[in-house]
Amino acid sequence: FAGLADVSISEDIPVEGEITVPVGSRSPDEDYSTLDEPVKDTIMRDLKAVGKKFVHVMYPKKSSALLRDWDLWGPLVLCVSLALMLQGGSADSKDDGGPQFAEVFVIIWFGAVVITINSKLLGGTISFFQSLCVLGYCVLPLTVAMLVCRLVLLAGSGTVSFIIRLIVVVAMFGWSTLASTAFLADSQPPNRKALVVYPIFLFYFVISWMILTFTPQ
Amino acid sequence: MATVDDLKFQEFDDAANLLAANPDATTISIDEPGEIPKNRHSRLQEPGREEDDELLGTDDSDKTELLAGQKKSAPFWTFEYYQTFFDVDTYQVLDRIKGSVFPVPGKNFVRLYIRSNPDLYGPFWICATLVFTIAVSGNLSNFFIHLGKPTYHYVPEFRKVSIAATTIYAYAWLVPLALWGFLMWRNSKVMNIVSYSFLEIVCVYGYSLFIYIPTAILWIIPQKVVRWVLVMFSLCLSGSVLVMTFWPAVRDDNRRIALATVGTIVLLHALLAVGCLAYFFDAPELDFPAPIIPVHNGTAVITKS
């Protein structure tokens with residue numbers, strides 16, 4: 001070690017550097033403050049989250065993305081579009097026609113709330129808004145079915161079109177029920193799973209019935 | 001003076017060994033507390049009351065009353081209080097539904113199946129299912145009846161769902177409320193052995209409506225005879241469940257009041273069935289081939305009957 005004592009830094013080499021310890025990620029301030037970002041970024045982030053959840057519903061695997069980051073934008077968009085498409089149902093008198101916009105809206109939201117309360121009362125561990133989120137997003141297949149039905153009805157409204165509509169609605173009803181069951185059934189105690197799944201089945205059955213019985217003016 | 005040996009801990013032999021060694025020693029036996037009331041009741045009762053024991057399940061009624069007092073102890077503004085009304089498993093709900101569809105003569109639905117654990121799951125969801133079943137079946141039945149007529153245009157009749165919902169939920173909740181109030185009032189005048197809590201009555205009524213679900217589906221068949229046979233059949237089944245539940249509660253009362261109460265229960269049940277059939281399902285028209293009546297001036301007029 002005697003040689004090290006002779007090491008000295010010559011004074012004409014500048015010594016630079018930072019004294020502070022570099023932080024691995026950005027500082028917390030930059031993470032949470034989204035006030036300064038452009039509006040497009042904010043909207044695109046939410047849209048991407050909604051789109052990702054749509055993909056999760058169409059290909060239901062047991063991923064927790066739908067549950068963890070719940071949002072209600074998707075259910076709102078789906079509910080409004082479904083209710084709008086169910087408008088214009090035929091009616092001789094105002095009394096006997098199809099469901100009005102408010103009725104569809106109320107059925108979907110009130111039904112989802114009742115099913116959520118039911119599953120929580122039976123001892124489920126899922127949170128209120130997570131369950132609403134899942135039930136709302138799983139209306140997507142039925143909204144697709146409604147779109148297909150309206151297109152088929154443009155072509156004609158005979159028996160053939162009815163059979164096509166029936167097959168499409170039944171398939172989408174099964175898809176919706178299976179998708180929501182895949183997300184929700186795990187949070188229930190095992191001896192009560194059927195008690196929780198049955199109201200979901202009833203809920204999507206009622207929506208499918210409204211879609212199937214839609215007859216245009 | 002006690003020796004050191006006396007103060008040492010002594011192991012006592014098993015009671016059987018001690019008794020075998022000294023057969024004449026006096027012994028005390030402590031019975032199970034549940035057995036004593038049973039013996040007492042069977043000795044003191046007249047033979048006519050034995051069926052009440054079976055109906056009541058007197059053996060465990062003391063225990064279940066204590067348990068019932070301990071169970072719902074959460075204050076009514078907490079969520080846990082309402083969770084106690086949903087404390088049922090799948091097999092329990094299925095058992096209760098089975099008990100309401102196949103009434104065992106002599107067995108009380110409440111004592112046999114509910115046993116101080118009334119749930120609100122069954123009544124609520126059976127009513128919801130019944131509402132939608134009646135609305136959907138009525139719509140389908142009307143569609144098939146009027147199919148083929150040139151003037152018929154299919155309508156989904158969505159208004160009827162809200163009417164069905166109001167009717168069925170009112171029946172399933174207000175009638176038990178009235179019945180419970182009436183039974184409480186009679187209880188204050190005449191000492192009844194059997195008294196039901198409000199939730200147990202709601203439970204019985206809710207589960208007894210289950211038979212109307214398959215009945216409503218079968219009402220799609222557009223034959224008057226078939227529909228009325230179905231009404232009678234389902235009324236007998238669910239009416240007998242109700243009668244067997246409520247007869248022990250009023251039998252100690254004045255004979256006429258007891259009969260009037262049970263009669264009113266059955267009458268309201270029948271009214272619900274007949275009312276739903278009349279309002280939601282159009283009358284099936286008779287399918288006669290149109291007769292041709294020759295008119296005097298030679299032209300034939302086709303009339304439809």
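**Figure 1. A mostly nonpolar lining in the second largest pocket of this predicted model.** Sort the residues around this pocket by class and you get 19 nonpolar, 2 polar and 1 charged. The pocket holds a volume of about 510 Å³. There are 22 residues in its lining, and those closest to the centre are A:Ile107, A:Phe110, A:Gly111, B:Ala128 and B:Phe132. Two or more residues apiece come from α5 (101-121) and α9 of chain A, and from α9 and α10 (159-189) of chain B. Which of these helices gives the most? That's α5(A), with 8 residues.

**Figure 2. The largest pocket, with residues from both chains at its centre.** Here we're looking at about 610 Å³ of space. Again, 22 residues do the lining, and if you head for the middle you'll meet A:Phe162, A:Arg165, A:Thr215, B:Phe143 and B:Tyr154 as the closest ones. On the chain A side, α8 (159-184) and α9 each chip in at least two residues, and α9 of chain B does so too. The top contributor is α9(B), which supplies 4 residues. How does this lining split by class? It has 12 nonpolar, 8 polar and 2 charged residues.

**Figure 3. The largest cavity, lined by chains A and B.** The model has 6 cavities of 30 Å³ or more, and the largest encloses about 100 Å³. Chain A brings A:Phe205, A:Val206, A:Trp209 and A:Met210 to the lining. From chain B come B:Phe132, B:Ala135, B:Val136, B:Pro156, B:Glu157, B:Phe158 and B:Val161. Count them by class and there are 10 nonpolar residues, no polar ones and 1 charged. Helix α9 (193-212) of chain A and helix α9 (121-146) of chain B each provide at least two of the lining residues. The biggest share, 4 residues, belongs to α9(A). You may recognise B:Phe132 from Figure 1, where it is one of the residues closest to the centre of the second largest pocket.

**Figure 4. Annotated transmembrane regions in chain B.** An unreviewed UniProt entry labels residues 120-141, 161-185, 197-222, 228-250 and 257-281 of this chain as "transmembrane region". Let's zoom in on two of them. Residues 161-185 of chain B are 100% helix and 0% strand, with 36 Å between the C-alpha atoms at the ends. For residues 257-281 of chain B, the values are 96% helix and 0% strand, and the end C-alpha atoms sit 35 Å apart.

Definitions and conventions: Residues numbered from 1 in each chain as written. Chains lettered and ligands numbered in written order. Predicted model: local features only at pLDDT ≥ 70, side-chain atom pairs only at ≥ 80, totals over all residues. Heavy atoms only, no water. 1 Å grid on protein atoms, 1.4 Å probe; cavity = no way out; pocket = protein on both sides within 12 Å on 5 of 7 lines; lining within 4 Å. Points joined across faces, edges and corners; volume = space filled by probe spheres on them. Nonpolar A, V, L, I, M, F, W, Y, C, P; charged D, E, K, R; others polar. UniProt positions renumbered as here; feature names shortened; annotations may be inferred.
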